[in-house]
Every structure is written in C-alpha cells, then in structure tokens.
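Colleague: Could you walk me through reading this one? I'd like to start with burial.

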Amino acid sequence: MSHPSLGLPPRDLSAGDPVAAATLRRAGLRLRTRTLQAALDLDPTFGDRHGEAVRAALLSDLEAFVDRLAVAIASGDPRAMATFADLVAVRYRKRRISMDDLVTLCEGLRRATASVIEPDAQPSVDAAIDAGIEVFRWHRRLAGDARKRHPLLSFIYKGA
C-alpha cells in the first residue's frame with residue numbers, strides 16, 4: 001500500500017499476480033540466501049569488497065527487496081520496484097555500497113526467483129527488476145560509481 005502523505009493512490013494488490021507474490025514472500029530466507037549467492041557468483045569480487053558483516057546486513061536488507069518485488073508483482077506495476085530503488089539509493093551510498101553492487105544484487109534476485117515462481121510469472125519479475133536496475137544505474141551516473149568519487153559528493157553522502 002502506498003503512503004497517504006506521498007499523495008500516491010493505493011495499489012490494487014490483486015491486479016497483477018498475487019499468487020506469485022505470495023510465493024515470493026513465503027520463500028523467505030531461502031530466497032534471500034540464493035539471491036546473495038547468485039550475486040557472489042555473478043561478481044566474484046563482490047565478496048572481496050564487502051566483509052562478512054556487510055554481506056549479513058545485505059542478506060537482511062534483501063527482505064525489503066523481496067517485499068517490494070512482491071508488491072510490484074501483485075499489483076502488476078513494475079514502478080513499485082523503481083520507487084523503492086529511488087528511496088534506498090541514498091541509504092546505500094551512505095553505507096558505501098555502490099550502485100553497481102545493487103544492480104548485481106538485483107540480477108541475483110532475478111536468478112533466485114526463477115527457482116521459486118512459475119515460469120509464466122517471470123516476465124513480470126523481469127519488468128520489475130529492470131525498473132529497479134534502471135533507477136540504480138541512473139544514480140550510478142549521478143554520483144560517479146564508475147570513476148573516482150568527487151570530494152564534494154563524498155562529503156554530501158557522508159551526511160555532513
């Protein structure tokens with residue numbers, strides 16, 4: 001459901017595929033663990049950049065990713081994932097997790113969901129994840145993950 005103070009209409013959580021969304025929610029820790037493992041398989045340097053404590057925090061954070069993906073699937077609105085990505089980008093910046101790593105997590109989520117949901121639900125999963133990735137890539141350009149961080153941007157993202 002959308003927050004009333006944002007001025008957004010509430011989402012109809014039966015307009016899309018509520019069965020696939022419920023399946024994602026039930027998968028719980030198993031899905032999140034597969035997602036993190038898939039991300040590590042996609043980018044072997046991911047584990048080198050992030051220690052055990054950061055990976056444990058990301059595993060916990062994946063609960064919110066899965067929940068928002070389930071909302072996007074149930075409502076049939078991939079923008080739910082894009083909105084989520086836009087809201088969390090700054091949080092991950094402050095934690096010094098690059099947008100590229102979040103894209104890798106999203107790709108890991110795509111791979112992990114394939115083992116949980118029915119194949120006919122995969123296009124809606126792909127659309128939602130693609131919407132989230134598009135936002136993370138936009139934030140990547142904005143803050144310059146691909147190159148050395150500008151000192152002023154680094155100062156701003158520290159929250160000072």
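Modeller: Sure, and keep in mind that this is a predicted model. Burial is a matter of relative accessible area, with under 20% as the cut-off. Glutamine 122 comes out at 15%, so it counts as buried.

Colleague: Where does glutamine 122 lie, and what is it in contact with beyond its neighbours within four places in sequence?

Modeller: Glutamine 122 belongs to helix H6, which covers residues 122–143. Setting aside neighbours within four places in sequence, its contacts are Arg110, Thr113, Ala114 and Ile117.

Colleague: Arg110 and Thr113 are in H5. How many residues of H5 are buried?

Modeller: Twelve of the 15, so H5 is mostly covered by the under 20% cut-off. Arg110 and Thr113 are both buried, and others include Met99, Asp101 and Leu102.

Colleague: How do I check the length of H5?

Modeller: Work from the rise of 1.5 Å a residue: the 15 residues of H5 should span 21 Å, and because the end C-alpha atoms are 21 Å apart, the two agree.

Colleague: And what about a residue that isn't buried?

Modeller: Between 20% and 50% we say partly exposed. Isoleucine 156, in helix H7, has 47% relative accessibility, so it falls in that class. Together with Leu152 and Phe155, Ile156 makes a nonpolar surface patch of about 310 Å².

Colleague: Where is confidence lowest and highest among the helices?

Modeller: H7 (residues 151–157) has the lowest mean pLDDT, 68, whereas H5 (residues 99–113) has the highest, 93. The chain averages 84, with 81% of residues scoring at least 70. Over residues 1–9 pLDDT stays under 50, and the model has five contacts for them beyond four places in sequence.

Key: Residues are numbered from 1 along each chain as its sequence is written. This is a predicted model: local features need pLDDT of at least 70, side-chain atom pairs count only at pLDDT 80 or more; totals for chains, interfaces and linings use all residues. Side-chain values use heavy atoms; hydrogens and water are left out. pLDDT is the predictor's confidence in each residue, from 0 to 100. Helices (H or I, at least four residues) and strands (E, at least two) are DSSP runs, numbered from the N terminus. Contact means heavy atoms within 4.5 Å. The expected span of a helix is 1.5 Å times one less than its number of residues. Buried means under 20% relative accessible area, exposed over 50%, partly exposed in between (1.4 Å probe, protein chains only). Patches are made of residues with over 30% relative accessible area and no salt bridge: like charges are joined within 9 Å, nonpolar side chains (Val, Leu, Ile, Met, Phe, Trp, Tyr) within 5 Å. Accessible areas come from the Shrake-Rupley method with a 1.4 Å probe; for residues, only the protein chains shown count as cover. A salt bridge is a side-chain nitrogen of Lys or Arg within 4 Å of a carboxyl oxygen of Asp or Glu.
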